[in-house]
Amino acid sequence: MFSSIRHIARMYPGLRQTLLLQKSTEIPIAYTSTRALSLSQRRLKSKDKKKDHKKPTKVEINEDLLREHIKYDTLMDHMQKAIVNLKEEYIRNISLRSTTGALEELKVKVDGKEHKLQELGQIIRKNPQVVVINLSGFPQTIPAVLTTLQKSGMNLNPQQDGTTLFITVPPVTKEHRENLAKGAKALFIKCRDTIRTTQNDTVKKIKRSDSVSEDIGYNIQHQIVAIGDKFVAEAEKIHETKHKELLGDKK
């Protein structure tokens, strides 16, 4: 059979060249296709790995385990207190308008103790532009109340007439909104840092503990971080709501 092929090739040299050319071109094409398919499969696997990496890992909180090894209730109280403080600071100091509600919640320091303004005097909105505060019941608190109003961040300039304070509600300017937004962000950062400090201090105690195995210690640390993340996310939502109230959707 091979001798017949060689015989034909001698008789038809052009046919021999055609056969050789076909043989030399077919193999690389097949190799190139296989290689391209292999590279394509690698890229797909790489993309799948990236997608899997982005998926958040849900951490189950085991309260019994945490209470056994850390002061769980104290941890939760400290983080929750940071959230409560943020909300109160926003009410007291980051109010777009000087509403009677915002004024009522202002805390006035008298003789080393804090009192809500509504506990010290009667607050009445005389008209849309003027708020009246009657402090006849506790006239000795007037200096402290004036200081609190002036430092409230509400751009207030109270005027005193005897035991009565008159507050003209200032117009809401763009500059005032932006200043309030900066204050809101600063208070959020303070809240976030308080939560993270509480979280990190607790994690450090677990790392230093000799009574906890490596696996359990690692598990507890992840749970503590997950709890911190939850409270930080709550603080972020509070800040985002306040930011939209002040500046709309502007970043």
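Two residues are taken to be in contact when heavy atoms of the pair lie within 4.5 Å. The structure described here is a predicted model, and its protein chain comprises nine helices and six strands. Of the 251 residues of this chain, 30% count as buried. Among the contacts between residues at least 6 apart in sequence, 64% join residues that are at least 24 apart.

The confidence of the prediction varies along the chain. The mean pLDDT of the protein chain is 81, and 75% of the residues reach a score of at least 70. Confidence is highest in strand β5 (residues 159-161), with a mean of 95, and lowest in helix α2 (residues 13-54), where the mean is 49. Over residues 23-40 the pLDDT is below 50, and this stretch has zero contacts in the model beyond near neighbours in sequence.

Two helix pairings that share helix α8 can be described in turn. Helix α8 (residues 174-208) packs with helix α9 (residues 214-247) at an angle of about 175°, the two axes being 10 Å apart. Because angles over 145 degrees count as roughly antiparallel, α8 is described as roughly antiparallel to α9. Sorted by class, the residues of this contact are 16 nonpolar, six polar and ten charged.

Helix α4 (residues 72-93) also meets α8, with the axes coming within 9 Å and crossing at roughly 170°, so that α4 is likewise roughly antiparallel to α8. On the α4 side the contact includes Leu-75, His-78, Met-79, Ala-82 and Ile-83, and on the α8 side the participants include Leu-187, Phe-188, Cys-191, Thr-194, Ile-195 and Thr-198. By class, the contact of α4 with α8 is made up of twelve nonpolar residues, six polar residues and one charged residue.

Thr-198 gives a residue-level view of this second pairing. This threonine is placed in helix α8 and is buried, since its relative accessible area is 13% and the cut-off for burial is under 20%. When residues up to four places away in sequence are not counted, Thr-198 touches Leu-75, His-78 and Met-79, three residues that belong to the α4 side of the contact between α4 and α8. Within α8 itself, the side chain of Thr-198 reaches the backbone oxygen of Thr-194 at 3.0 Å.

Val-225, by comparison, lies in helix α9 and counts as partly exposed, at 31% relative accessibility. Its contacts, leaving aside neighbours within four places in sequence, are with Arg-196, Gln-199 and Val-203. The C-alpha atoms of Val-225 and Val-203 are separated by 8.1 Å, although the two residues are 22 residues apart along the chain. Gln-199, one of the residues in contact with Val-225, is also listed among the α8 residues that meet α4.

Other parts of the chain were examined through single residues. Val-130 lies in strand β4 (residues 130-134) and counts as buried, because its relative accessibility of 17% falls under the 20% cut-off. Apart from residues up to four places away in sequence, Val-130 touches Ile-124, Arg-125, Phe-166, Ile-167 and Val-169. For one of these partners, Ile-167, the separation is 37 residues in sequence and 5.6 Å in space, taken from C-alpha to C-alpha.

Gln-118 is found in helix α6 (residues 117-120), where it is partly exposed, with a relative accessible area of 38%. Once neighbours within four places in sequence are left aside, Gln-118 is in contact with Glu-104, Glu-105 and Ile-123. A further relation links Gln-118 to Leu-103, which is 15 residues away along the chain and has its C-alpha atom 7.8 Å from that of Gln-118.

Asp-111 is located in the loop between β1 (107-110) and β2 (113-116). This aspartate has a positive phi of about 55° although it is not a glycine. Asp-111 counts as exposed, because its relative accessibility of 77% lies over the 50% cut-off for exposure.

Notes
Residues are numbered from 1 along each chain as its sequence is written. This is a predicted model: local features need pLDDT of at least 70, side-chain atom pairs count only at pLDDT 80 or more; totals for chains, interfaces and linings use all residues. Side-chain values use heavy atoms; hydrogens and water are left out. pLDDT is the predictor's confidence in each residue, from 0 to 100. Helices (H or I, at least four residues) and strands (E, at least two) are DSSP runs, numbered from the N terminus. Axes are lines fitted to C-alpha atoms, for helices over the stretch in contact, and angles run from 0 to 180 degrees between N-to-C directions. Angles under 35 degrees count as roughly parallel, over 145 as roughly antiparallel, 65 to 115 as roughly perpendicular and the rest as oblique. Ala, Val, Leu, Ile, Met, Phe, Trp, Tyr, Cys and Pro count as nonpolar, Asp, Glu, Lys and Arg as charged, and the others, Gly among them, as polar. Buried means under 20% relative accessible area, exposed over 50%, partly exposed in between (1.4 Å probe, protein chains only). A polar contact is a pair of N or O atoms within 3.5 Å; within protein, one must be able to donate a hydrogen and the other to accept it, and residues adjacent in sequence count only if both atoms are side-chain atoms.
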